[in-house]
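Thanks for sharing this one. Here are a few notes to read alongside the coordinates, set out as numbered points.

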Amino acid sequence: MLLSAALFMIGVFGVMVRRNIIIIFMSIELILNAVNINLIAFSAQLQDAIGQVFAIFVIAVAAAEAAVGLGIILAFYRNKETVNIDEMNLMRW
Amino acid sequence: MAQAIAFYTLAALILGFAIMVVTTRNTVHSVLFLVMNFLFVAALYVLLGAQFLAVIQILVYAGGIVVLYLFVVMLVNLKRPPEAHQDPHRMTRLGFGMAAAVLLELVVIAAYGATAPSARPPVAVTAAIPVSGNTEQVGWLLYTNYLIPFEIASMLLLVAMIGAIVLAKREL
């Protein structure tokens, strides 16, 4: 549990500190990995395979999120020539 | 005992590589550290008795997602690093503050868990799984109790694939 929480905190720290959006996406992957570790640790603790089923769903959603997010990054970079999130104000009202 | 040593070694490696992922300047190095991180997480899954998920982790993350990241990093091909031209300490204080709060909470939880007697719940028997073995159990649950979420996940993947193609295409 402490390992999972520490990995989660590193991921959150990466999301907040870094300005490169690709690194931020990798931090999100770290957060999802921490969630998976937690699910599987409970699955092993309770001798119940349902946690592993949910971890599979988390992996599927992470794959979908990475594909769509990286597509957005590519489309954005083609327009703006930057991956710095401070310069991303395309949707500012 | 050997299991505990293996667990702590893997935990230290996972956390170390995670810190390297977040703090490295070079994005390509960061992606490669992410691969190492995923591989050690897969080893941890084997240690926890989830062999099927370990294989899935290596295939999907280390094989698929990381290659996708590498392609994007090399397509984007940064001339100037984004952190070079503004003060890096603006969000750092906020991050340290929140990290300190969570760390305090963790210390409290750890102290409480050390003092309180661990009331381990009785082993929940997964009802009526007629097969043994990790992969068989997971597959049985996926195709019986969790069939509808499974199909919804497949639809989500299909929609994400179409969306990624539409987003990355130059002109429709």
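How many helices and how many strands are there in chain A?

1. Chain A has three helices and zero strands, so its elements read α-α-α from the N terminus on. Please keep in mind throughout that this is a predicted model.

2. On the fold of chain A: 52% of its 93 residues count as buried. Among its contacts with a separation of 6 or more, 44% are between residues 24 or more positions apart.

3. A residue you may like to look at is Ile28(A), which sits in helix α2 (residues 21–46) of chain A. Is Ile28(A) buried or partly exposed? Ile28(A) has 18 C-beta neighbours inside 10 Å, and because 20 or more would be needed for a buried residue, Ile28(A) counts as partly exposed. Its C-alpha atom is separated by 8.8 Å from that of Ala62(A), a residue 34 positions away along the chain.

4. Now to chain B, where helix α1 (residues 2–23) and helix α2 (residues 27–47) have axes that come within 9 Å and cross at roughly 160°. Because angles over 145 degrees count as roughly antiparallel, α1(B) is roughly antiparallel to α2(B). The crossing of this pair, α1(B) with α2(B), is left-handed. On the α1(B) side the contact residues include Phe7(B), Leu10(B), Ile14(B) and Phe17(B); on the α2(B) side they include Phe33(B), Leu34(B), Phe40(B) and Leu44(B). By class, the contact has 17 nonpolar, three polar and no charged residues.

5. The length of α2(B) checks out nicely. Its 21 residues, at 1.5 Å a residue, should span 30 Å, and the end C-alpha atoms are 30 Å apart, which agrees. After α2(B) comes Gly49(B), with a positive phi near 85°.

6. Finally, the two chains: how do α2(A) and α2(B) lie, roughly parallel or roughly antiparallel to each other? Their axes come within 11 Å and cross at roughly 5°, and the two helices are therefore roughly parallel. From α2(A), the contact is made by Ile22(A), Ile23(A), Met26(A), Glu29(A), Asn33(A), Ile37(A) and Ile40(A). From α2(B), the partners are Thr27(B), Ser30(B), Leu34(B), Val41(B), Leu44(B) and Tyr45(B). By class, that makes nine nonpolar, three polar and one charged residues.

7. One last pointer for viewing: Leu34(B) and Leu44(B) are listed in the contact of α2(B) with α1(B) and also in the contact of α2(B) with α2(A).

Note on methods: Residues numbered from 1 in each chain as written. Chains lettered and ligands numbered in written order. Predicted model: local features only at pLDDT ≥ 70, side-chain atom pairs only at ≥ 80, totals over all residues. Axes fitted to C-alpha atoms, helices over the stretch in contact; angles between N-to-C directions. Helix = DSSP H or I, 4+ residues; strand = E, 2+ residues; numbered from the N terminus. Parallel < 35°, antiparallel > 145°, perpendicular 65-115°, else oblique. Left-handed = near helix turned anticlockwise from the far one by under 90°. Contact = placed C-beta atoms within 7 Å. Nonpolar A, V, L, I, M, F, W, Y, C, P; charged D, E, K, R; others polar. Expected span 1.5 Å × (residues − 1). Buried ≥ 20, exposed ≤ 12 C-beta atoms within 10 Å, placed from the backbone.
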